[in-house]
Amino acid sequence: MAPPLNRREFLRTVAVSSAAVGGAGLSSAVQAQQAAAFSPELPGGDWHFPARAELIPFGHAVASGDPLADRVILWTRITIPDARGWDVTQVPDPQGFSTVEVGWLIATDPALQDVVNSGTVTTDAARDFTVKVDAGGLQPATTYWYAFTALGYRSPIGRTRTAPAVGQGITELTIGHVACTSWWQDFFNGYARMGERGDIDLITHAGDHVYEVSGNHMSSRQYPDADGNPQVLGYEDIDNRSWRSVGECRRRYALYYQDPNLIAAHIGAPFAIMADQHDYDDASDGDTVLISRQQAGEIYHEWCPLRSPIPDGSGRFPAPTGPNTNVPIPRGDDAFFSYRSLPYGDVAEIVLIDIRRHRDDAATEMPILGDRQWQWLQETLLAAKARGARHNVIVNQINMSQLGTVNTPLYDVYGEALEAGLGIDPRGPELYTSGWGGYPADRRKLYRWLREQGIVDNIVLSGDSHGWFGSDLTEDPQLPNYVPLTGLSLLQPVGVEMVGTSMGRPGLQDVVADELYWQANGGRDAAPFDDAETYDTNYRPAGLAAAIALETAAKAANINLIYFNWRAEYGHTMIHLRESEAILENWASPQRAMSDTAELLAQHSTPVGNPHLRPVLAPMAVVGARNDVAAPPPETLPPEIVTPDGPASDPVRGAGGSFTLGTAVLLGAAELLRRRMRATQDEDA
């Protein structure tokens, strides 16, 4: 058998002969100085920070997002341990680095041999040492691989994919959808299931991407304190309670982004994220604003791989920044703008709307969106129709379809729990009045406009309610104007909606269980939230009875509600867009522990031209025709220190940019791996 690869020896060899060190376009002198000064070792002391120690300085790996046909946003964060503390608002020069130069490259192959673009950007404490690159010069509907270099280290390798172009002949699209992801209550197994797929084009997120607080809901896990012990006091421990500063808000993103299953999704596919209210939560001590909604929004733009639109309400994107400029972060009120759309050729328009931050009750056209966003939405959907896009995928924060309140024998049990746990008015005209249900005239106007324009193939992907709600979209969901399942309604539906369940944030079953558990344990603040075994055994059964009762009654009272699951079955949704139909799947993953399994709970189809959800009686998982090579787990490609030995020559120019040590290391590793495989095959022969 061939001997194992000695990565450290190999890296030393490459460092001697490489043209430059660390990142594309960087001088060896700068990188040598940074490499010599930087230490990835955890110092202890006041530095206790959620990050993958084995990946530092890329302690949160890499991510990509908001693809266009010729470009995509690439993201990473440089983590520099410093015994003085973890908060860069207090320690803006960790280990003496006030700025860090970061190289990046993107290629058509996982070994990063065919480099198509590269560059160098600078980051600092003002943006929490995050990096966002608008990588251009790409081909449509193409899988790319990318990596960063900094401080003498190379990041894990990410996989991303550009959007198709008009007339390209692309006929299908595969999308994963998630909502309301709560790190404390779920192990994020659904993220890993999406990240490991070879056919996925995009992951959309509606609802709360990052929560400001654990909420004292029953926890599946806790981030350890500085001594390695679980933190279990939800409103006191720094990684469980509400954030109280800019630094703590950034730390919450760090907690999420160090999660191995979220990393698997980040390195496996690009994201398109629409934040909800928790992402923008503010805080004060009564007299002083500790963090404003604007500042929380700035951090959303810092940490998420989103393409920030021009802050004028037009939804347009600014001009590309180029390969050597970090994408600017919108500040102040500009951070409230993130509604935008991503054209996906002839297949779809991906539209992300924001009903939280642009409501205007004085608006003359549509208060829930605000007149400017309503104008943008109309223009966007009309343009998609004009170019022949078959589907519109609308990412929407809160249930769009009606859900009329219902009465059941357990109404008092779940009614009070809904009001306390989800902020839902159980005795209002609709269950969800915080969103479209509170603006029924605007919803009717939207539906009628869509029907008048012949724009009916709309798939709305929502969040916020922590359960699956699958509905046909019509302004009058009653016979004879609407006939379920048949597609023969007098008022044709203008699309379908699938509200994605959460990853762990409580749906009705757990909302009821929470209330009962807290009552039995001295109230919400006093009850422990680390006793999942007792909670699941003694309290979830009562919550399940309430959930089943409401599901049954709600489906009878709301005939356009085709699928309803408000139980403790958390996970993700898959959407498969095809020429003649769209197929929607609901997948549940284990919540309490790491797992490599998922269960297909339900599958529905909706035909192009006549939208309505049709249950698939014998569901079988759909897999797209494309099957990319899996993104390598970051654990198999740990960053290694690279120390230059001797003077460096001029960079060797490759296709699209500098060909430097980051590329050389990968090329050499790939070559050694090929040699070893050949040697193994020869021995086996």
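The following dialogue treats a β-sheet and one buried arginine in a predicted model.

Student: In what order do the strands of the open sheet stand, and how are they paired?

Tutor: A sheet is read by listing its strands from one edge to the other. Here seven strands form an open sheet in the order S14-S15-S16-S17-S19-S18-S21, with mixed pairing. Strand S14 (340-344) and strand S21 (561-565) each have a single partner strand, so one side of each lacks a neighbour in the sheet. From one strand to the next, the twist averages 15 degrees.

Student: Which strands run parallel to S16, and how many bridges join S15 to S16?

Tutor: Direction is read pair by pair. Strand S15 (residues 348-352) runs parallel to S16, and five bridges join them; valine 351 has isoleucine 394 in S16 as its bridge partner. On the other pairing, S16 and strand S17 (residues 458-463) are also parallel and are joined by five bridges, with valine 393 opposite isoleucine 459 in S17.

Student: Where does the antiparallel pairing of S18 occur?

Tutor: Strand S18 (residues 468-472) runs antiparallel to strand S19 (residues 496-499), through four bridges. Aspartate 472 is paired there with valine 496 of S19.

Student: Is strand S16 largely enclosed or open to the surroundings?

Tutor: Enclosure is judged from the accessible area of each residue, with buried meaning under 20% relative accessible area. In strand S16 (residues 391-398), eight of the eight residues are buried, so the strand is largely enclosed by the rest of the structure.

Student: What is the handedness of the unit that links S15 to S16 through a helix?

Tutor: One follows the chain from the first strand, over the helix, to the second strand. S15, helix H7 (residues 371-387) and S16 make a right-handed β-α-β unit.

Student: Where is arginine 357 found, and is its residue buried or exposed?

Tutor: Arginine 357 is found in the loop between S15 and H7. Its relative accessible area is 12%, and the cut-off for buried is under 20%; arginine 357 is therefore buried.

Student: Which polar partners does the side chain of arginine 357 have?

Tutor: For a charged side chain, one examines side-chain and backbone atoms alike. The side chain of arginine 357 makes a polar contact of 3.0 Å with the side chain of aspartate 354. A polar atom of the arginine 357 side chain also lies 3.3 Å from the backbone oxygen of aspartate 276.

Student: Which residues beyond four places in sequence are in contact with arginine 357?

Tutor: Arginine 357 is in contact with Met274, Ala275, Asp276, Gln277, Tyr280, Arg293, Phe336 and Gln397.

Note on methods:
Residues numbered from 1 in each chain as written. Predicted model: local features only at pLDDT ≥ 70, side-chain atom pairs only at ≥ 80, totals over all residues. Heavy atoms only, no water. Buried < 20%, exposed > 50% of the residue type's maximum accessible area, 1.4 Å probe, protein only. Helix = DSSP H or I, 4+ residues; strand = E, 2+ residues; numbered from the N terminus. Pairing = 2+ DSSP bridges. Right-handed = clockwise from strand over helix to strand, strands pointing away. Polar contact = N/O pair within 3.5 Å; in protein donor to acceptor, adjacent residues only side chain to side chain. Contact = heavy atoms within 4.5 Å. Axes fitted to C-alpha atoms, helices over the stretch in contact; angles between N-to-C directions.
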